[in-house]
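Here is a quick tour for someone opening this structure for the first time. Have a look around, then read on.

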Number of protein chains: 2
Amino acid sequence: MAKVLPAAPFEGANENLAATTAPQDVSREDAATFDVLRKMREDILCCVLKPDQKLKFGELRQRYDTSVGTLREALSHLVSEGLARTESGRGFQVSPISLADFLDLSELRVYLETKTLADAIRHGTDAWEAEIVSSYFLLSKLGAPKQDDPLSVKQEWGKRHKRYHDALVATCRSPWSLHYRSELFDQARRYHWLTMIHSRLHRRNEHLEIRDAVLARDSDLACSLLEQHIRTTVEQAVADVPGLIRGNARVLKPGKRRKS
Amino acid sequence: MAKVLPAAPFEGANENLAATTAPQDVSREDAATFDVLRKMREDILCCVLKPDQKLKFGELRQRYDTSVGTLREALSHLVSEGLARTESGRGFQVSPISLADFLDLSELRVYLETKTLADAIRHGTDAWEAEIVSSYFLLSKLGAPKQDDPLSVKQEWGKRHKRYHDALVATCRSPWSLHYRSELFDQARRYHWLTMIHSRLHRRNEHLEIRDAVLARDSDLACSLLEQHIRTTVEQAVADVPGLIRGNARVLKPGKRRKS
DNA sequence: ATTGTCGAAAGTTTCGAAAATCTGGTTTAC
DNA sequence: GTAAACCAGATTTTCGAAACTTTCGACAAT
């Protein structure tokens with residue numbers, strides 16, 4: 001009988017660096033389609049395209065200056081990522097948001113982020129530490145954006161925030177975990193955006209605390225802090241974002257209007 | 001200060017049944033594009049389209065009798081799911097497979113499937129139990145396919161196998177967990193297929209054991225059995241599939257040939 | 001023998017127009 | 001008065017051809 005593998009966590013699961021099969025992180029491609037995809041994703045994440053909004057080809061074609069086919073391909077991608085939905089025959093729309101979804105999302109994030117972070121710490125390298133220090137520096141230099149900061153500042157902060165969190169887990173050996181973690185992080189960004197717009201609450205410097213725990217290779221503390229970090233954000237959103245609790249948030253503008 | 005949510009696992013995360021935002025399970029759509037997508041996914045999962053194979057539009061157009069645009073959209077979906085890859089300017093290809101990937105995949109599956117199953121058991125209903133009984137019955141009626149069973153039998157078994165495993169976790173309250181679980185399950189199907197082709201090993205009736213543990217609502221036992229189920233499959237593949245261990249498996253046919 | 005350049009062939013990407021489908025308002029039948 | 005049938009306008013879906021990129025082999029130069 002083959003007793004090649006022990007019952008405990010697979011030996012070699014983390015040793016083997018060979019070719020990974022996990023889904024591509026589409027962002028590094030540079031064809032026209034991917035440009036449109038990138039822009040559109042960013043617009044959804046920043047609620048420029050609002051939750052539940054109908055995505056009409058006419059408007060989009062104008063906005064992104066491209067053809068129907070290209071749009072269709074990009075939209076198709078967004079559906080797979082969960083940022084848009086489609087029903088055959090009646091086009092596309094931005095995915096709705098809801099408290100239930102945010103809670104679900106966040107719980108799974110805690111589950112995955114901690115696993116990923118623990119593994120990253122276990123396999124950390126000098127370069128990894130350097131990128132954490134560097135990305136934290138860039139993040140802290142900007143400071144948490146306030147309600148009336150211009151859009152561009154908020155977007156820049158969003159980028160640096162993601163870069164920092166990506167850096168933390170970069171040395172995790174599981175491509176699949178990394179991939180799903182990243183998708184969930186993006187999903188959460190939509191909710192963070194709402195929080196950023198509405199909240200003025202003060203928070204401790206959680207990113208600093210996490211950074212130091214990680215650099216000290218204190219896995220338990222780091223995971224615990226990261227967990228709190230995620231949970232606090234949920235609390236903050238629940239407390240500060242009006243409309244998120246009762247039914248779908250319609251935070252920006254009413255989604256429908258009707259003629260007189 | 002808002003103390004709306006406790007620090008422990010979110011209250012209400014599992015209570016709230018409201019609109020979910022998790023990615024659509026694309027399978028229930030019925031437009032032409034989705035037909036092509038379904039067929040193509042099935043072909044990749046069953047290694048009719050082999051790992052690493054170049055996916056040329058000319059051939060595909062003929063095989064699925066459709067236009068380039070439609071194909072492109074379907075392929076785009078498959079890339080998001082991790083079943084295909086693309087590099088700008090040089091088309092699409094079926095994702096490679098490797099031992100490292102299978103190990104990674106399986107480890108994450110254990111992590112997610114057990115969490116999902118535990119939650120499903122916690123919220124099980126009569127209808128849930130009924131579907132488990134029914135889908136198990138259909139699965140057992142077919143028996144594990146052997147090396148020289150015809151393709152159609154293997155495919156039918158694949159369908160019933162998936163239906164059974166889906167049934168187990170159907171009442172899990174976390175749409176996101178369910179979605180990722182399902183994607184990972186499909187990924188694993190590619191490897192199962194190889195095992196099915198090459199192996200004659202006998203296995204205990206693990207599906208029956210799991211079914212009974214689940215119906216008895218013995219969460220710990222059920223999760224443990226499910227974990228073993230996944231791990232045993234890995235062992236079997238490592239033992240029986242030639243070529244999986246050393247580098248990428250090229251199990252079906254050489255991918256390249258050259259003229260004299 | 002190796003390297004470099006050019007051009008033809010194969011393949012991919014993008015586009016806009018034709019066909020199919022949906023939406024909402026108006027008419028018609030009961 | 002209600003509901004079914006119908007029509008026109010708007011929108012989505014599908015398609016094949018034009019534009020562009022990459023690949024490959026032949027030929028010339030080193």
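## Where protein meets DNA

The surface near DNA strand C is made of 5 nonpolar, 8 polar and 5 charged residues. In that split, Ala, Val, Leu, Ile, Met, Phe, Trp, Tyr, Cys and Pro count as nonpolar, Asp, Glu, Lys and Arg as charged, and the others, Gly among them, as polar. "Near" is meant literally: a residue is near a molecule or strand if one of its heavy atoms lies within 4 Å of it.

Before going further, some housekeeping. This is a predicted model, where local features need pLDDT of at least 70 and side-chain atom pairs count only at pLDDT 80 or more, while totals for chains, interfaces and linings use all residues. Residues are numbered from 1 along each chain as its sequence is written, chains are lettered from A and ligands numbered from 1 in the order in which they are written, and side-chain values use heavy atoms, with hydrogens and water left out.

Back to strand C. Of the 18 residues around DNA strand C, the nearest are A:Ala32, A:Thr33, B:Lys54, B:Arg72 and B:Gly89. Which parts of the strand face the protein? Sugar or phosphate accounts for 87% of the atoms of DNA strand C within 4 Å of the protein, and bases for the rest. Both chains chip in: α1 (32–45) of chain A, plus β1 (54–55) and α3 (68–81) of chain B, each give at least two residues to this surface. (Helices, H or I with at least four residues, and strands, E with at least two, are DSSP runs numbered from the N terminus.)

DNA strand D has 19 residues around it, and A:Phe57, A:Arg72, A:Gly89, B:Ala32 and B:Thr33 come nearest. Here 86% of the strand D atoms within 4 Å of the protein belong to sugar or phosphate. By class, the surface near DNA strand D has 6 nonpolar, 8 polar and 5 charged residues.

Some polar contacts to phosphate oxygens (pairs of N or O atoms within 3.5 Å) are listed here.

| Residue | Protein atom | DNA strand | Distance to a phosphate oxygen |
|---|---|---|---|
| A:Ala32 | backbone N or O | C | 3.1 Å |
| B:Lys54 | polar side-chain | C | 3.0 Å |
| B:Arg72 | polar side-chain | C | 2.3 Å |
| A:Arg72 | polar side-chain | D | 2.2 Å |
| A:Gly89 | polar backbone | D | 2.9 Å |
| B:Thr66 | polar side-chain | D | 3.2 Å |

On the strand D side, β1 and α3 (68–81) of chain A, together with α1 (32–45) of chain B, give two or more residues each to the surface.

## Inside the protein

Chain A has 9 helices and 3 strands. Those 3 strands form an open antiparallel sheet in the order β1-β3-β2. β1 (54–55) and β2 (84–86) of chain A stand at the edges with a single partner strand each, so one side of each has no neighbour in the sheet. β2(A) pairs with β3 (residues 92–94) of chain A over 3 bridges, where pairing takes at least two DSSP bridges. A:Ala84 sits opposite A:Val94 in β3(A).

Buried residues (under 20% relative accessible area with a 1.4 Å probe, protein chains only; exposed is over 50%, partly exposed in between) make up 53% of the 260 residues in chain A.

The largest nonpolar core (buried Ala, Val, Leu, Ile, Met, Phe, Trp, Tyr and Cys residues joined through side-chain atoms within 4.5 Å) holds 86 residues, and A:Leu117, A:Leu168, A:Val214, B:Leu117, B:Leu168 and B:Val214 touch the most other members. Helix α4 (residues 99–122) of chain A supplies the largest share of this core, 10 residues.

Terms used:
A polar contact is a pair of N or O atoms within 3.5 Å; within protein, one must be able to donate a hydrogen and the other to accept it, and residues adjacent in sequence count only if both atoms are side-chain atoms.
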